[in-house]
Amino acid sequence: MKLLVTSATSELGRTISEGLSKDHTLTLTDLPLGGRAPRGIKPHSLGHDGETDSLVRGMDAIVHVGFGGHQAEATPLLDYLTRCTYNLLTACLNTGVKRFVYLHTLRVFDGYEPHLTVTERWKPLPTTEPAVLAAHLGEYVCREFAREHPQLEVISLRLGYPIVPGTRSAATRTKQPAALCSADLVLALGRALDARVPKRWNPVHIQSPVPNARFLMSGAESLIGFPKKAA
Amino acid sequence: MNVLILGGNGMLGPWVVQALEGRHRLLVTDISELKFETGAAYRKVDAGNLRQVVDAAQGMDAIINLSVLRQDRQLAFDVSTRGNYNMAVAAVTHGIRRLLNTGPHFQLAGPNYEDHDYDLSPDMPPQPGSRLYALTKALGQEILQVYSEHHDIYVQTLLFYNFYDPVTMKTPGGERRIGVDLTPFSIAWQDAGEAIRRALEIELGRLPSRCETYNVFTDLPHHKFSNAKARQLLGWQPRHFLEAAWTRRE
C-alpha cells in the first residue's frame, strides 16, 4: 500500500515507519520546523490550501499520529491535532482516500478504576493535560468525519502505554499493565491498514498481552485479529 | 459581578450588553474596535490569544464568550475552538467559576439529528458533523466540558441560531419573513440578551451539573426542538413569539 505517515520525525513516527517500510511504500511527513528537513521527510504544514490535497492524492491510506507525535505547548498542539486533522480528512474526501488510521492513546481511560472491564464501549474520560486533551479532540474530528461521510473508513487505534521498543517480553518486563511493545504496535497497525471494517467509525484498543493486562482485547481481536500473531 | 465579555462586537454583543448594563460591571472585548455605544469598559482582545484572554480575565467573576468565526479555517479553529480553551485556562488561572458560552444549535444537533428527528433536547450527545462552523464550535464545547469535569468551574452554553428584529421581522441579512415559516430555532434579539442575563445570574447551586446546555429560541409550534430546559432552569420566558413568520397571511 502507499501510505502517508504524519509526525514522522517523532519517536513514534520513526517506530511505525521502520516497521511498515518492509511491506508498504511510505511518504513520511512532518511539520516544517526550520532548517533542513531530516532525510526522507517531506516537511508539510498540513494547511487548508490545495497542497494537502496534493500530499494525500494517490495514497491508499493515511496514518496520522495523534498522541505521542507532535510535541508542542498547548496552543500549537491543540491547533495541530484539531485543524490539521480536519485538513487531512478534508483532503482525503477531496482525493478519494478511504482508509484513515488515527493513533490515539488509552490514557483517555485513566479515569476508570483498574478493576473495570474497559472496552471500546466505554466513554473516554480525557484530562486537561494538553497532550491528552488535544489527542482526544483529534479523535473527535475523526469521528465526526466518519459519521457524516460514508466514503471514509476511519480507525482510531487507542494505544497502550508506555510504548517500549522490542517484543512482547519487553512489554512484560515493564510490569506496566497497559504496556505496548513496538512489535505489537506495528503488527496492529499493519492489520488495521488491511482489515475489512464493517463500519465507518472504528475505535480499537491496542496493548500487548502482558500478564494482568489492563484492557480487554476482544474488540481488536474481532476487528483486526490482534493480538493473535499471524499463522 | 465583574463580567468579561469576549467577542463583544458580534451580532449578539449589543443585546447582551444592554441586558447586563447597570446590573454588572462589564469589560467588553473584541479583536476590532467597538462598533456600538456603551458605557461599559472596552479593551481590544483577541479571543484566540491565550495570554490576552488570561490578562483580561484578571479580577473577573464571570466570562461570557460571544466570539465566533465561521469561514476562514485557521481563524475558525483559533477562535471557536481555542477561544474556549483560552477562556477555560483563564478561569482556572484566576479562580473564575462562572463561564457562559454561546454557539449555533448545530454544534450539538448536526444534520444527523436535525434531518431526522423532532423534540430535540439540549442534553443529547453532540453530533455536529464535519462542517467547519459546527465542528469548531463543538470542539470548543468539548474543551469546556472536559475542564468542568476536572476543575471547579460551571459552564453554561446557550445555543442560538436565527435572530430577528421582532418589529420588522427582519433577519440580520435584511430578509423579511412574513407568513413563510422560519427556522424553528429563532429568537428576538432582546430575548436572547435576556436569556444570557438569566444564565449569568443563576445561583450555581441550582445547576444540575457543572456543564449545562440550553436551546434558546422563542416558543414555536414546530416541535422540532425543545426550549423547555431554558424556561424551567433559567426561569427565562421569551416575550416575542415571531408569529408573523409562522402563521399564514390569507
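Start by selecting chain B of this predicted model. Of its 250 residues, 56% count as buried. Which share of the surface comes from carbon and sulfur atoms? Switch on the surface of chain B: about 10,400 Å² is exposed, and carbon and sulfur atoms supply 46% of that area.

Now show chain B as a C-alpha trace and turn it around. Along its principal axes, the trace spans about 55 × 40 × 40 Å. The radius of gyration of chain B is 17 Å, which agrees with the value near 18 Å that a compact globule of 250 residues would have.

Next, change to the cartoon view. In chain B you can count eight helices and nine strands. Contacts tell you something too: among those in chain B between residues at least 6 apart in sequence, 67% join residues at least 24 apart.

Then move over to chain A and look for its sheet. Seven strands make up this open sheet, in the order E3-E2-E1-E4-E5-E6-E9, and their pairing is parallel. Select residues 41-43 for strand E3 and 201-206 for strand E9 of chain A: these are the edge strands, each pairing on one side only. On average, neighbouring strands of the sheet are turned by 25 degrees against each other, ignoring direction.

Stay with chain A and pick residues 130-148, which form helix H4. Helix H4 packs on the sheet and touches strands E5 (99-105), E6 (153-159) and E9, with its direction at about 155 degrees to that of E5(A).

For the last stop, zoom in on strands E1 (residues 2-5) and E4 (residues 61-65) of chain A, which run parallel and are joined by three bridges. Which residue stands opposite Leu3(A) in E4(A)? Select Ala61(A) to see that partner.

Terms used:
Residues numbered from 1 in each chain as written. Chains lettered and ligands numbered in written order. Predicted model: local features only at pLDDT ≥ 70, side-chain atom pairs only at ≥ 80, totals over all residues. Heavy atoms only, no water. Pairing = 2+ DSSP bridges. Helix = DSSP H or I, 4+ residues; strand = E, 2+ residues; numbered from the N terminus. Axes fitted to C-alpha atoms, helices over the stretch in contact; angles between N-to-C directions. Contact = heavy atoms within 4.5 Å. Rg over C-alpha atoms; globule rule 2.2 N^0.38 Å. Buried < 20%, exposed > 50% of the residue type's maximum accessible area, 1.4 Å probe, protein only. Areas by Shrake-Rupley, 256 points an atom, 1.4 Å probe, with all protein chains shown as cover.
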